[in-house]
Amino acid sequence: KFRLKINNPDYNKYFSLALGSKSFIDNKFHYTNGISTIHNSGFYFNHQSEEFLVNKDYDGYQNLSFNIYTNRYIKKNIFKTSFTLNNNQGFYWGDLNQIQLDSISKFNVSDVSIKLELSQPSNSYVVKNVGVFTNYLVNNYNRNEFIINPFLFLSLEKALKKYSFKFNLNWIKTNFKDLPNSTSNNPNYNQLSIVEYEDNFTDLLLNSSFCISGDNYFNYEIGFNFQYFPGDNLNFGGQPLLFPQLHLLKKISDTQIIQLNINKELKYHSFNSLFDFTPYLDPFYRNSLSKEFKINLLYNKLFTDKLSLVSNFNYLMKKGELIPFIFYEREETLIDFPQSEYQTEYINPLGMYLDPIQTGLNATFSISFDQNRYNVLFESEFNLINSKEHHKKYFIPRYKLNSIITMGLFEKINLTFNWFFVGNHDALIIEPAYNYNSALNYINLNKYIDGNISLSYDLNPMIFSMEIKNILGNKIEFFDHYYDDNGFKISLRFLYKF
């Protein structure tokens with residue numbers, strides 16, 4: 001598969017600054033002690049903003065991140081520790097661009113995480129990996145969410161077979177200082193993932209799997225997956241899930257590989273995990289569960305040492321899949337909140353609707369061609385996954401096309417072209433969400449073409465680069481009434497390695 005050649009950042013010390021149109025600023029700093037037989041430690045800082053610090057606009061944002069890490073090598077073991085702080089800010093501006101920006105509510109979400117992990121890669125140890133991950137999140141609507149995630153991986157090789165056991169536990173505690181008004185009049189209430197009567201809740205998800213792997217006619221991995229969510233306050237809770245898992249790999253020749261995977265699992269969607277992809281998420285989103293059954297067939301063909309193909313075919317059945325929709329008149333449920341504290345005059349976040357069932361096929365194809373002076377990657381994705389309850393609507397794009405061409409124009413000058421095409425797809429409308437007569441409607445989000453060009457000049461230890469985004473100036477729709485219509489953008493970056 002095509003891979004861009006990127007140096008391991010843990011061993012690079014650098015500082016970079018980028019400035020661009022739309023008041024774009026991006027600062028990065030990474031320091032590390034470098035390669036060592038004792039430890040690899042360092043810290044990383046990143047600040048990025050666009051039309052937020054100055055020239056504020058509706059879709060302006062600011063992201064801050066700080067990370068400290070250390071990897072200690074103790075005999076044959078690796079002890080990893082990391083500490084991370086994040087802050088993300090922006091506006092709940094969907095369909096509110098006719099309102100003064102100062103009257104629109106912000107999202108301001110901060111979290112801190114700590115991860116401790118011990119790895120023992122040697123075959124002489126049964127315990128391969130053990131550790132714990134913790135995260136604490138708070139937003140400006142006084143949502144506090146604490147996650148503890150211990151994990152364990154055991155592996156034993158005996159009689160040409162490998163026996164593996166994985167275990168992890170997700171414990172999530174969420175508290176609210178204030179709750180919005182009830183939505184009990186809404187006939188769609190049972191399928192909206194929102195907090196109403198619980199000013200605090202605790203969720204627990206147990207995950208474990210056991211498998212036996214070996215090499216016969218196939219390379220195989222056969223076992224079972226067990227998951228359990230106690231209680232019935234969420235869909236699929238109180239019902240243990242025990243399902244076989246299968247992975248088969250056949251090396252047809254030195255240039256061809258085929259793989260088959262079958263699995264079924266519960267997926268827990270916390271506020272934190274969704275916020276990474278949907279920053280406009282409703283601050284009163286109720287963490288949810290979904291269930292997914294998947295059959296995957298992968299075929300890899302190496303035509304020459306420079307030309308390869310990877311194809312993926314999937315059959316998916318999803319229950320409880322989350323569909324974002326714009327939460328009109330959310331501020332009406334917050335009228336009893338202290339205005340001076342929450343500033344909830346206008347707020348249209350993205351709520352989450354639980355779709356009972358989606359099924360269909362998905363296929364992806366990737367062709368890469370690698371030469372000394374240039375690399376070419378072409379990817380395509382086709383989706384036939386639709387909603388059974390919503391008249392076979394397609395809530396993800398039917399097709400996507402992507403191409404990346406990297407060229408070495410001269411010894412120190414590189415040029416990269418990136419073009420992608422995203423097909424149209426459907427979006428859900430519940431307007432207004434808290435009206436007894438609210439009905440489900442749909443809107444079609446338009447397809448678009450986006451093109452980016454970057455040019456870099458390497459004057460070791462300095463790198464100068466220029467990036468042009470959205471060359472065609474097209475409107476890019478992410479969600480209903482959340483989009484990028486800023487058009488053509490350009491930025492200049494300076495990076496210094498030391």
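Which side chain of opposite charge is nearest to Asp 480, a residue with no salt bridge, and how many Å away is it? In this predicted model, the answer is Lys 475, at 8.6 Å. Asp 480 is buried all the same, so a little more of the story around this residue is worth telling, starting with the loop it sits in.

Asp 480 is found in the loop between strand E27 (476-479) and strand E28 (482-484). What the side chain of Asp 480 does have is a polar contact with the side chain of His 481, at 2.8 Å. Setting aside neighbours within four places in sequence, the residues in contact with Asp 480 are Ile 326, Ala 427, Leu 428, Ile 429, Ile 443 and Leu 445.His 481, the polar partner of Asp 480, sits in that loop between E27 and E28 too. Its backbone is worth a look: phi of His 481 is near 65°, a positive value in a residue other than glycine. Most residues other than glycine have a negative phi. His 481 counts as partly exposed because its relative accessibility is 25%, whereas Asp 480 is buried.

Two other backbone spots go with this one. Phe 236 is not a glycine, yet has a positive phi of about 75°. This phenylalanine is in the loop between strand E11 (219-228) and strand E12 (241-253), and with a relative accessibility of 16% it counts as buried. The other spot is a peptide bond. Most peptide bonds are trans. The one from Asn 460 to Pro 461, however, is cis, with omega near 10°. Pro 461 lies in the loop between strand E25 (448-459) and strand E26 (462-469).

Asp 480 goes without a salt bridge, but the count for the model comes to 10. One of them joins the side chains of Glu 50 and Lys 489, with 2.9 Å from N to O. This pair ties together distant parts of the chain: Glu 50 belongs to strand E3 (residues 39-50) and Lys 489 to strand E29 (residues 489-497), 439 residues apart. Glu 50 is buried, at 9% relative accessible area, and Lys 489 is buried as well, at 14%.

Another salt bridge is formed by the side chains of Glu 145 and Arg 143, at 3.0 Å from N to O. Both of these residues are buried. A further one brings together the side chains of Glu 292 and Lys 267, at 3.2 Å from N to O. Here again distant parts of the chain are linked, with Glu 292 in strand E14 (residues 288-302) and Lys 267 in strand E13 (residues 256-269), 25 residues apart. The two ends of this bridge differ in cover: Glu 292 is buried, with a relative accessible area of 10%, while Lys 267 counts as partly exposed at 29%. There is also a network, in which salt bridges with shared partners join Glu 50, Asp 484 and Lys 489.

Glu 50 turns up once more around Phe 24. Leaving out neighbours within four places in sequence, Phe 24 is in contact with Ala 18, Leu 19, Gln 48, Ser 49, Glu 50, Tyr 61 and Ser 491. Phe 24 lies in strand E2 (residues 24-32) and counts as buried, with 12% relative accessibility. Its partner Ser 491 is 467 residues away in sequence, but the two C-alpha atoms are 7.6 Å apart in space.

Zooming out to the whole chain, the secondary structure amounts to two helices and 29 strands. The C-alpha trace spans about 65 × 55 × 45 Å along its principal axes. The radius of gyration is 25 Å, which agrees with the value near 23 Å for a compact globule of 498 residues. Of those 498 residues, 43% are buried. Contacts that reach across the sequence are well represented: among those between residues at least 6 apart, 59% join residues at least 24 apart. The accessible surface of the chain comes to about 25,500 Å², with 57% of that area belonging to carbon and sulfur atoms.

Definitions and conventions:
Residues are numbered from 1 along each chain as its sequence is written. This is a predicted model: local features need pLDDT of at least 70, side-chain atom pairs count only at pLDDT 80 or more; totals for chains, interfaces and linings use all residues. Side-chain values use heavy atoms; hydrogens and water are left out. Helices (H or I, at least four residues) and strands (E, at least two) are DSSP runs, numbered from the N terminus. Buried means under 20% relative accessible area, exposed over 50%, partly exposed in between (1.4 Å probe, protein chains only). Lys and Arg count as positive and Asp and Glu as negative; His and the chain ends are not counted. A salt bridge is a side-chain nitrogen of Lys or Arg within 4 Å of a carboxyl oxygen of Asp or Glu. A polar contact is a pair of N or O atoms within 3.5 Å; within protein, one must be able to donate a hydrogen and the other to accept it, and residues adjacent in sequence count only if both atoms are side-chain atoms. Contact means heavy atoms within 4.5 Å. The radius of gyration is taken over C-alpha atoms; the globule rule is 2.2 Å times the number of residues to the power 0.38. Accessible areas come from the Shrake-Rupley method with a 1.4 Å probe; for residues, only the protein chains shown count as cover.
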